[in-house]
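Q: Please take one part of this model and go through it closely, residue by residue where that helps. I would like a connected account of how the part is placed and what surrounds it.

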Amino acid sequence: MPRIPPDPRLLERRRRIADQIRAARLHANLSQQDVVERTGMDRSAYQDLEAGRTSPLLDNLLRISDAIGVPLSDLVREDPPAPASP
């Protein structure tokens, strides 16, 4: 079965989550290597996740939030949708 490419909207949401992970890591004054060591993740897998090239597993998001010291919701928070126009 051929692989279906991700919807562009999903890719954009993935990039925003990656940006939030990176921002939280930097705010905590941690390097990528610090997070990798604290989570036990593979360095290249973490780099791909933070660059938005891969979708994070929930377990990895939980590990990352613990390693950085922020609530999971801070890593995946999305702006509420704009109200519909009348």
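**Helix α3 and its surroundings**

A: Asn 29 sits in the loop that links α1 to α2. The model is a predicted one, and Asn 29 makes a convenient way into the region around α3. Asn 29 is not a glycine, yet its phi is positive, at about 60°. As background, most residues other than glycine have a negative phi. With a relative accessible area of 70%, Asn 29 is exposed.

The chain as a whole gives the setting. Its 5 helices are accompanied by 0 strands, and the elements follow the order α-α-α-α-α from the N terminus. The C-alpha trace spans about 50 × 40 × 20 Å along its principal axes. Of the 86 residues, 26% are buried. Where contacting residues are at least 6 apart in sequence, 55% of the contacts join residues at least 24 apart.

Past the loop, Gln 32 belongs to helix α2, which covers residues 32–39. Gln 32 counts as buried because its relative accessibility, 18%, is under the 20% limit. Leaving aside residues up to four places away in sequence, Gln 32 touches Arg 25, Arg 43, Tyr 46, Gln 47 and Glu 50. Two of these contacts have a polar component: the side chains of Gln 32 and Glu 50 are joined by a polar contact of 2.9 Å, and a polar contact of 3.4 Å joins the side chains of Gln 47 and Gln 32.

Helix α3 itself comprises residues 43–50, and its buried residues are Tyr 46, Leu 49 and Glu 50. Why do they lie on the same side of α3? They do so because the arc they cover around the axis is only 95°. The general geometry is that an α-helix has 3.6 residues a turn, so residues three or four places apart point the same way. The elements covering the buried residues of α3 include α1, α2 and α4, the last of these being residues 58–68.

Gln 47 is also in helix α3, but at 28% relative accessibility Gln 47 counts as partly exposed. Apart from residues up to four places away in sequence, Gln 47 touches Gln 32 and Arg 53. Gln 47 and Arg 22 are separated by 25 residues in sequence, with their C-alpha atoms 9.9 Å apart in space. Just after α3, Gly 52 takes a positive phi of about 80°.

Helix α4, one of the elements that cover α3, contains Ser 65. Ser 65 is buried, with a relative accessible area of 5%. The contacts of Ser 65, again without residues up to four places away in sequence, are with Val 70, Pro 71, Leu 72 and Leu 75.

Helix α1, another of the covering elements, also contributes to the largest pocket. That pocket has a volume of about 170 Å³. Helix α1, residues 8–27, supplies the largest share of its lining, 5 residues. The full lining consists of Pro 6, Leu 10, Leu 11, Arg 13, Arg 14, Ile 17, Ser 55, Val 76 and Glu 78. By class, the lining residues are 5 nonpolar, 1 polar and 3 charged.

Terms used:
Residues numbered from 1 in each chain as written. Heavy atoms only, no water. 1 Å grid on protein atoms, 1.4 Å probe; cavity = no way out; pocket = protein on both sides within 12 Å on 5 of 7 lines; lining within 4 Å. Points joined across faces, edges and corners; volume = space filled by probe spheres on them. Helix = DSSP H or I, 4+ residues; strand = E, 2+ residues; numbered from the N terminus. Nonpolar A, V, L, I, M, F, W, Y, C, P; charged D, E, K, R; others polar. Buried < 20%, exposed > 50% of the residue type's maximum accessible area, 1.4 Å probe, protein only. Polar contact = N/O pair within 3.5 Å; in protein donor to acceptor, adjacent residues only side chain to side chain. Contact = heavy atoms within 4.5 Å. Arc of directions from axis to C-beta.
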